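Please open the model in your viewer and keep the selection tool at hand. The tour below proceeds stop by stop, stating what to select and what is found there.

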Amino acid sequence: EDYYAIHRVDPSYKVYYGQSLEGEGRNEVTVPADFEEAKKVFESYEPGAGKKLEKFVEQARKKYEFAMSGFIYRNFTSLLDMVNGTLVKNLLRLNLFTSYRRLIRRYFKHPYLQKILEFPVVFLGSYAAKTPAVYTLMNYIDFGLGTWYPEGGFGRVVRAMQEVAESKGVKFVFDAEVTDIRGADGQAKSVSVWTGDTEDEIPADIIVANADYVHVENKLLQQQDRSMPLEKWKNRTFAPAVLNYYVGFNRKLPEFEHHTFFFDTDWNDHFDAVYGNRRWPKDPLFYLHIPSKTDPNCAPEGQEAMFILVPSAIGLDDDDELRERYFNRVIQRMEELTGENYRDAIVFRETMSIREFKRDYNAHEGTAFGLGQTLFQTAYFRPMNRSKKLSNLYYSGHYTVPGTGTTMSMISGKIAAMRIAEEWPADGDHPRIAEGWR
């Protein structure tokens, strides 16, 4: 709070569906931030759903609190670290062997409500039918903790972290690309950095890499220093790529909220296109983020800034013709469901998708979220945050513990720091390093 303010987004989001269900006359749901009001909305679609939502979120809260107290802020150096007494004791309550979808459908019958609760799992790298129900803890984050917007946008969070770090003596070097990590005698010795004119070799005592894990292992390290060669990644499940559009409108858009979802097409077909038979879906689901609804500084007065996100499979061809076709389809769907004209109001547009993620972030196959958060890619089963070959090379980011997503990636930096502090104490005695490492 010393660096930026946050504001609760209210309503939490709005969802557009296709044709309304028979006898209802409604094709949209707006979910208020206030939980009691959200329960009333659920009740209006299904008798008893308000009370069921309360019970559902309560079980999600218990999972969340267990995860935060005993699972998230931990390094897992052996399987025993994961299968401890606390985990075994809570095994049934965590629903590790029930799918996300199956648990939701025990509580709710209405398809609108099911989709609202299922959608958070999209970015974990799987879909609700195959994701363990332990991850319904995300529904507690949604309904219990809420969505908060940092004043000045998420870039303000980044700048705040930079300011804190610089106050502690950190030096940042920008517009520079790491091209090599050089190792010898079981340790990383230096980092080579290309600034556009020269390549500098920077000696290092300890290195933390938060670039794409696959890229670091297969492009920056020599073959003998690689813990995870390329062939080992082939059987891993990756989180989606995205097709993004950044759009400016010369008028306000009252029919949308800060967060708006379009679930008006074949739900299962889109998920199969992302995680099954990889392809561009015929009519994709998509999400709108309109920060100017909460922060007027995001757009000129009387205008609106919109970010459109379409989840997609990794590794696809995203040429300009495809991007144009999908943009037209998305705008058409928005117009059909709201009865408004948006094309004539567009004054700015940019696109970012798979090829930019590859080019700008060295993202494996263009993934936007790294490694998927499936049961056997959780905790001990995720790539470790220390190299098996170089004892002073550590990892953070959305490939390692605790998992994918912005929050988990930020926590990964703290976990890596905790491990470094433990394994490289100030007195110079490193017993755990001498014993070997995973």
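Begin by selecting M161, which counts as partly exposed because its relative accessibility is 47%; the category lies between buried (under 20% relative accessible area) and exposed (over 50%), judged with a 1.4 Å probe and protein chains only. This is a predicted model, in which local features need pLDDT of at least 70 and side-chain atom pairs count only at pLDDT 80 or more, while totals for chains, interfaces and linings use all residues. Residues are numbered from 1 along each chain as its sequence is written, and side-chain values use heavy atoms, leaving out hydrogens and water.

M161 belongs to helix α9, so display residues 154–167 next. Helices here are DSSP runs of H or I with at least four residues, strands are runs of E with at least two, and both are numbered from the N terminus. Now add F154, V158 and M410 to M161: these four residues make a nonpolar surface patch of about 390 Å². Helix α9 gives the most to this patch, with three residues.

**Second stop: S192**

Select S192 in strand β6, residues 187–194. S192 counts as buried because its relative accessible area is 1%. Show the side chain of R182 as well: a polar contact of 3.4 Å joins it to the side chain of S192. A polar contact is a pair of N or O atoms within 3.5 Å; within protein, one must be able to donate a hydrogen and the other to accept it, and residues adjacent in sequence count only if both atoms are side-chain atoms.

**Third stop: Y245**

Move to strand β9, residues 241–249, and select Y245. With 0% relative accessibility, Y245 is therefore classed as buried. Its side chain reaches the backbone oxygen of R323 at 2.6 Å and the backbone nitrogen of F327 at 3.1 Å. Residues touching Y245 include M306, I308 and E350, where contact means heavy atoms within 4.5 Å.

**Final stop: D212**

Which two elements flank the loop that holds D212? They are β8 (207–209) and α10 (213–220). D212 is buried yet has no salt bridge, that is, no side-chain nitrogen of Lys or Arg within 4 Å of a carboxyl oxygen of Asp or Glu. The nearest side chain of opposite charge, K219, is 11 Å away. Instead, display the backbone nitrogen of V214, which lies 3.1 Å from a polar atom of the D212 side chain. The D212 side chain also reaches the backbone nitrogen of H215, at 3.1 Å.

Note on methods
Lys, Arg positive; Asp, Glu negative; His and termini not counted. Patch = residues over 30% accessible without salt bridge, like charges linked within 9 Å, V, L, I, M, F, W, Y side chains within 5 Å. Areas by Shrake-Rupley, 256 points an atom, 1.4 Å probe, with all protein chains shown as cover. Lists of a residue's contacts leave out its neighbours within four places in sequence.
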